[in-house]
Amino acid sequence: MSLITYGIFGAGGNASELLPILKEQLNTSSANKYKIFFVDEDETKKTFCNLNVLTTKEFMNLNKNQKKIVLSPADSKVRERIVDELQGNIDFINLISRDFVNLSECSLGNGLTIAQKCIITSGVKLGNFIQINLNVSIQHNCLIEDYVTIAPSVSLMGNVKIGKHAYIGAGAVIKQGVQIGPRSTVGMGSVVVKDVPEDTTVYGNPAKPKNN
Ligand SMILES: CC(C)(COP(=O)(O)OP(=O)(O)OC[C@H]1O[C@@H](n2cnc3c(N)ncnc32)[C@H](O)[C@@H]1OP(=O)(O)O)[C@@H](O)C(=O)NCCC(=O)NCCS
């Protein structure tokens, strides 16, 4: 039986929420032995949630058979930096809560985290290194590009497109067919009824660009 070592990158609030999902996934599906570390560049953090914290270098130098990574940072640029640094040397796993509902004909990329009580319906396409927090619903034919971050309790109606590195704040509702441009931010509680250009922050009901 081989030993697999898992690194949850980031040792903060989101990582603490992902740890039970990882344990659940490993305890139900894995015939292998495993060990879990947190990985964080803050060298003053030695332990977190009763597990050891290593730097990236220490984690990569561990002499273990196989290593796998979970990406916890909510900042998509940080996730991208980790991916750029380590891709090719290591597996980025999909960490998906057991209660995730994926109805039909959906495609999932790599390096995703999907927390509890999320549902995607039909024809949804999720790219790579996306973070989907608690209680998110994504309806038919939505397209979510790489490195998107979706906070808790967001609702995306059908055919919504979210561009690369966009951030959708907690409780936002996005109308069917709306496109959110790359690197844009939707404020918490917003109701988005029109397309949002790239690099734009919007909030409110109906959502309007910040400073307008
Ligand atoms: C929209 C957002 C990105 C703006 O952040 P910011 O640029 O730091 O803006 P500020 O906090 O300086 O607020 C600027 C103004 O917008 C208002 N505002 C900020 N966010 C708002 C929102 N979501 N809805 C309505 N008004 C909002 C503020 O009250 C403030 O108004 P004022 O100028 O009249 O005082 C941020 O407030 C937000 O909603 N982030 C998402 C948080 C979230 O979902 N977290 C989930 C963690 S899991």
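These legends walk through several close-up views of one predicted model.

**View 1. Two domains meet along the chain.**
Let's start with the overall layout, where domain 1 covers residues 3-93 and domain 2 covers residues 95-212. Their C-alpha centres lie 24 Å apart. Domain 1 brings 16 residues to the contact, and domain 2 brings 12 residues. On the domain 1 side, the elements that supply two or more residues are α1 (13-29), β5 (66-71) and α3 (76-86). Of these, α1 gives the most, with seven residues. Sorted by class, this side of domain 1 holds nine nonpolar, three polar and four charged residues.

**View 2. Strand β1 pairs with both β2 and β5.**
Here we stay in the first part of the chain, with β1 (3-9) and β2 (33-39). Seven bridges join β1 to β2, and the two strands run parallel. To find the register, look for T5, whose bridge partner in β2 is K35. The pairing of β1 with β5 is also parallel, over six bridges. In that pair, G7 has I69 of β5 as its bridge partner. Strands of a sheet pair through backbone hydrogen bonds, either parallel or antiparallel.

**View 3. The largest nonpolar core draws on both domains.**
This core has 53 residues, and the members that touch the most others are I8, V70, I130, I168 and V186. Two or more residues come from each of β1, α1, β2, β4 (51-54), β5, α3 and β19 (167-168). The largest share is that of α1, with four residues. Domain 1 and domain 2 each contribute at least three residues to the core. In soluble globular proteins, nonpolar side chains tend to be buried together. For a closer look at one member, centre on I130: beyond its neighbours up to four places away in sequence, I130 touches G109, L112, I144, Y147 and V148.

**View 4. An open sheet of eight strands has mixed pairing.**
Follow the strands across the sheet in the order β7-β10-β13-β16-β19-β22-β24-β25. The edges are β7 (95-96) and β25 (208-209); each has a single partner strand, so one side of each is left without a neighbour in the sheet. At the β25 end, β24 (residues 201-203) runs antiparallel to β25, and two bridges join them. A handy landmark is V202, which stands opposite P209 in β25.

**View 5. An open sheet of six strands has parallel pairing.**
Its strand order is β8-β11-β14-β17-β20-β23. At the edges are β8 (101-104) and β23 (191-192), each of which pairs on one side only. Zooming in on β8, we find three bridges to β11 (residues 119-122), in the parallel sense. V101 and I119 are bridge partners here, with I119 in β11.

**View 6. Two loop residues, V160 and K164, differ in burial class.**
V160 sits in the loop between β17 (155-156) and β18 (161-162), while K164 sits in the loop between β18 and β19. Is V160 buried or exposed? V160 has 24 other C-beta atoms within 10 Å, and because 20 or more counts as buried, V160 is buried. K164 has 19 other C-beta atoms within 10 Å, so K164 falls into the partly exposed class. Apart from residues up to four places away in sequence, V160 touches C142, I174, Q176, G177 and V178. With neighbours within four places likewise left aside, K164 is in contact with E145, D146, Y147 and P182. Two distances help with orientation: the C-alpha atoms of V160 and T47, 113 residues apart along the chain, are separated by 40 Å. For K164 and V136, 28 residues apart along the chain, the C-alpha separation is 18 Å.

**View 7. Twelve residues are listed by name around the ligand.**
Which residues are around the ligand? They are N133, A151, P152, G169, A170, T185, G187, M188, G189, T201, Y203 and G204. This shell is made up of five nonpolar and seven polar residues, with no charged ones. To link this view with View 4, look for T201 and Y203 in the shell; β24 spans residues 201-203.

Notes
Residues numbered from 1 in each chain as written. Predicted model: local features only at pLDDT ≥ 70, side-chain atom pairs only at ≥ 80, totals over all residues. Domains from an automatic or database assignment. Contact = placed C-beta atoms within 7 Å. Nonpolar A, V, L, I, M, F, W, Y, C, P; charged D, E, K, R; others polar. Pairing = 2+ DSSP bridges. Buried ≥ 20, exposed ≤ 12 C-beta atoms within 10 Å, placed from the backbone. Core = buried A, V, L, I, M, F, W, Y, C linked by C-beta atoms within 7 Å. Near = placed C-beta within 6 Å.
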